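New to this one? Here's a quick tour to read alongside the picture.

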Amino acid sequence: MPDLKRIFASGGNAVMVNLTFNSPNLVEYLASLGFEAVMLDCEHTSASVERVEELARAARAAGIAAIVRPEKLDEAVITRYL
């Protein structure tokens with residue numbers, strides 16, 4: 001998995017896509033195209049916690065990072081995604 005902290009600390013850029021179509025197959029395909037991360041946007045999509053888990057698992061299996069944007073800034077919601 002790409003180490004985004006290392007990339008950013010060295011002044012580099014990571015290629016990331018904001019995923020709005022919640023498909024694990026799409027996550028794997030994007031990884032094969034060279035993306036280093038996907039943002040799982042729960043604020044602007046209807047992804048459930050369970051679907052986010054599937055998408056994050058697909059990202060890990062494909063060797064890319066997954067960043068989750070929760071639908072609201074709330075400790076309970078963030079804890080569910082963690």
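Let's start with one pair of residues: Asp-41 stands opposite Arg-69 in β3. Keep in mind that this is a predicted model. From that pair we can work outwards to the strands, the helices that link them, and a pocket.

**The β2 and β3 pairing**

- Strand β2 covers residues 37-41 and strand β3 covers residues 65-69; the two run parallel and are joined by five bridges.
- Besides the Asp-41 and Arg-69 pair, you can look for Val-38, which sits opposite Ala-66 in β3.
- Helix α3, residues 49-62, goes with β2 and β3 to make a β-α-β unit, and that unit is right-handed.

**The β1 and β2 pairing**

- On to β1, which also runs parallel to β2, with four bridges joining the two.
- A handy spot to find here is Asn-18, which faces Met-39 in β2.
- To get from β1 to β2 the chain passes through α2, and this β-α-β crossover is right-handed.
- Helix α2 is made of residues 24-32 and lies across β1 and β2, running at about 165° to β1.

**The sheet as a whole**

- Put together, three strands make an open sheet in the order β1-β2-β3, with parallel pairing.
- At the edges are β1 (16-19) and β3, each of which pairs on one side only.
- On average, neighbouring strands of this sheet are turned by 20° against each other, ignoring direction.
- As general background, strands of a sheet pair through backbone hydrogen bonds, either parallel or antiparallel.

**The largest pocket**

- How big is the largest pocket? Its volume is about 210 Å³.
- The residues lining the largest pocket are Val-49, Val-52, Glu-53, Ala-56, Val-68, Pro-70, Ile-78, Arg-80, Tyr-81 and Leu-82.
- Which helix gives the most to that lining? That's α3, with four residues.
- Both α3 and α4 (75-81) supply at least two residues each to the lining of the largest pocket.
- By type, the lining residues of the largest pocket split into eight nonpolar and two charged, with no polar ones.

Methods
Residues numbered from 1 in each chain as written. Predicted model: local features only at pLDDT ≥ 70, side-chain atom pairs only at ≥ 80, totals over all residues. Heavy atoms only, no water. Pairing = 2+ DSSP bridges. Right-handed = clockwise from strand over helix to strand, strands pointing away. 1 Å grid on protein atoms, 1.4 Å probe; cavity = no way out; pocket = protein on both sides within 12 Å on 5 of 7 lines; lining within 4 Å. Points joined across faces, edges and corners; volume = space filled by probe spheres on them. Nonpolar A, V, L, I, M, F, W, Y, C, P; charged D, E, K, R; others polar. Axes fitted to C-alpha atoms, helices over the stretch in contact; angles between N-to-C directions. Contact = heavy atoms within 4.5 Å.
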